[in-house]
Amino acid sequence: MFGVGTKGKVLFQQQWQGSLSEYVTAVAWSPDGLLAASSAAGEVVLWQDGNLLNLLPAGLASIDCLAFSADGKFLAAGGQNGQVRVWEVLSNNLVEDRANLIVTLDNAAKWIDKLSWHPTCNQLAFSLGRYVQIWDANIQTVITTLPFANSSVLDLAWQPNGTNIAIAGDGGIKVWSTQDWDDDPYLIEMPSASIVTAWSGDSKYIASGNLDNTITVLEYGSSHPWVMRGFPGKISNLTWSQPLLNNTPLLAASSVEGIAVWKKAVKDEDGWNANILTVHDGRIKALEFHPRSLLLASAADDGWLVLWTTAKQVGQILEGARDGFACLAWDQEGKQLAAGGQDGELIIWSESKRGKGFG
Amino acid sequence: MVATTNNTVPVTVLTGYLGAGKTTLLNRILTHEHGKKVAVIVNEFGEVGIDNQLVIDADEEIFEMNNGCICCTVRGDLIRIISNLMKRRHKFDHLVIETTGLADPAPVIQTFFVDEDMKDKIALDAVVTVVDAKHIQQHWDADEAQEQIAFADVILLNKTDLVSPEELADLESKIQGMNKMAKIYRTQNSELSMDALLGVQAFDLDRALEIDPEFLNEDAHEHDETVKSFAIVESGELDGQKLNNWLSNLLQTKGVDIFRMKGILNIAGEDERFVFQGVHMLLDGKPDRPWKKGETRKNELVFIGRNLDEAQLREDFKQCLV
């Protein structure tokens, strides 16, 4: 199970641990090393160099999603009271002076489950029932409302080159062009609901994890998707790696307790081949490729955060969440890793000097 | 807060036509001092405004299911909402899902049968259907009205003050013909003791078949309804292989018309009773306790469905006996 020579190897070591009052729902890094975290109690905190700042205290409603804009100048958070809050991130040294709430968008009784910033300009997309709204930070106004229509929005993802935004839900994925919001979306049809979607870093492929235990992968623009089957349950997470030598990235997906890592065959018609990673003894809650290498991190209900060397074998197992992990995030360089626990744990690990050369 | 030993949350699915008294019942559940913290998922169609108001007053949490039409979108949305709720598991002891007046409750029930996350976290407690004793007469032709009755474990025959005793007796007998498994309560203003509503454990296989013996002994009535229920009682042992073939074929060909089924079976070579239940084509079964000494080993099955050929099903079942 543990690859020869890797057992006991320290790739990452714990740098800091703190806690929020409940289930940590999301963690996110800014490009300059600030960490934000939210909890089911409604807290939003900022972390910098071991200091924690409370941006929102525990309240009545859970905060479920948060993200920094690509330039790190804004932080947005949304949750079950229907509010989307945006803070301006200031370039001060002290964490106490680093954020300034600039707007609160009220959306009545709707839950805000998903939000994401455009990869280059400061436009924020957030789910709003069956719609997605795009809010522009420069003019501080909602510039469009995209009707997904079929069902509630289950996931959304900007194409990394900024050209399109994909919105997932029942019936598949609808892709809107950022050039013309009024244009009809392109529909990637599926027989069930798409519950999670991710673009590859080169913007070439889009993957959809579906409720009927399948994954659909499309080379965007082609009309012939690949469909991967054989999963024991619905697809809970999808993540693309950096491109390999042949320019195609790996696609990792989790379903129940297992992970499948898909590698594209040289010829299109040969499809994708899977390698199955099993070590978890609980549902996988988060799965994310290292931003610079093939190191894959998976965090699960079993209280293990596993680092898979070259997305193949267990490199290191990190612990610290008594009731299981809930979420994780790599910082932009991949030198730090943050994870949130189901009992409110917030843990940061940093790259070990001894662990050089992984991935 | 200390975690409960059994970490699954019981779920009550509340159905009934618009105006039947669902909202009144929901508000009773939310305001009643039963010591349970109840989370509610309501539908955006219907009387949500009033609910929200009352619920906030009652200091309960209310959650909105962003889904008007009950169709295949239900599963994705329900899973999304419940997964979110479960992050605050300690905040509630019981979950109530109110479906729309026009809804077929099957997709909601099926979600708890098929989804691997839901199966572990959620235990279906019961389907509770509120029937308007006066206005149901206008809805008999609607499939939804019949399905809501057919799927129910608990039926509130509500607004009994608006109909004559004779009408009520007729209605109750008609409903019994459609669904003999359900417990029927005659109510006014949806007044019913909480014990009869919450914690019923109607889907718990361990208590599976507390089928009313009277029902099993009852002579078959002639009903003109397309939706009906009936029981099969047979002594003797079943051939496991034959049974398997019959059941899988039955669910494939008639699954759409079988709303619910339950059974205790005596399988040849097994010391334990085999218990099962089904919703449409989904089946959930397991060996139960051993047959007791001196206990008569027999097979009891109950079907509720539409256009079911009772004689054929009885005959086919007999063919499975050793």
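Trainee: Why is Trp272(A) called buried?

Mentor: The model is a predicted one. In it, Trp272(A) has a relative accessible area of 8%. Buried means under 20%, so Trp272(A) is buried.

Trainee: What makes the pair of Tyr205(A) and Trp272(A) edge-to-face?

Mentor: Of the 18 aromatic pairs over all chains, this one has 85° between the planes and 5.6 Å centre to centre. Rings pair if their centres lie within 6.5 Å, and planes over 60 degrees apart count as edge-to-face. The pair therefore meets both cut-offs.

Trainee: Which parts of the chain does the pair link?

Mentor: Tyr205(A) is in strand β17 and Trp272(A) in strand β23, 67 residues apart.

Trainee: Why is the pair of Trp240(A) and Trp272(A) edge-to-face?

Mentor: The planes stand at 70° and the ring centres are 6.0 Å apart. The angle is over 60 degrees and the distance within 6.5 Å, so the pair is edge-to-face. Trp240(A) lies in strand β20, so this pair ties together parts that are 32 residues apart in sequence.

Trainee: How do you know whether Trp240(A) is buried or exposed?

Mentor: Its relative accessible area is 9%. The cut-off for buried is under 20%, so Trp240(A) is buried. Tyr205(A), Trp226(A), Trp240(A) and Trp272(A) form one aromatic cluster.

Trainee: What makes Asp183(A) count as partly exposed?

Mentor: Asp183(A) has 43% relative accessibility. Partly exposed lies between the 20% and 50% cut-offs, so the term applies to Asp183(A). This residue is in the loop between β15 and β16, and gathers with Asp180(A), Asp182(A) and Asp184(A) in a patch of negative charge on the surface.

Conventions. Residues numbered from 1 in each chain as written. Chains lettered and ligands numbered in written order. Predicted model: local features only at pLDDT ≥ 70, side-chain atom pairs only at ≥ 80, totals over all residues. Heavy atoms only, no water. Patch = residues over 30% accessible without salt bridge, like charges linked within 9 Å, V, L, I, M, F, W, Y side chains within 5 Å. Areas by Shrake-Rupley, 256 points an atom, 1.4 Å probe, with all protein chains shown as cover. Salt bridge = Lys/Arg side-chain N within 4 Å of Asp/Glu carboxyl O. Lys, Arg positive; Asp, Glu negative; His and termini not counted. Charge placed at Lys NZ, Arg CZ, Asp CG, Glu CD. Helix = DSSP H or I, 4+ residues; strand = E, 2+ residues; numbered from the N terminus. Buried < 20%, exposed > 50% of the residue type's maximum accessible area, 1.4 Å probe, protein only. Phe/Tyr/Trp six-rings, centres within 6.5 Å; stacked < 30°, edge-to-face > 60°.
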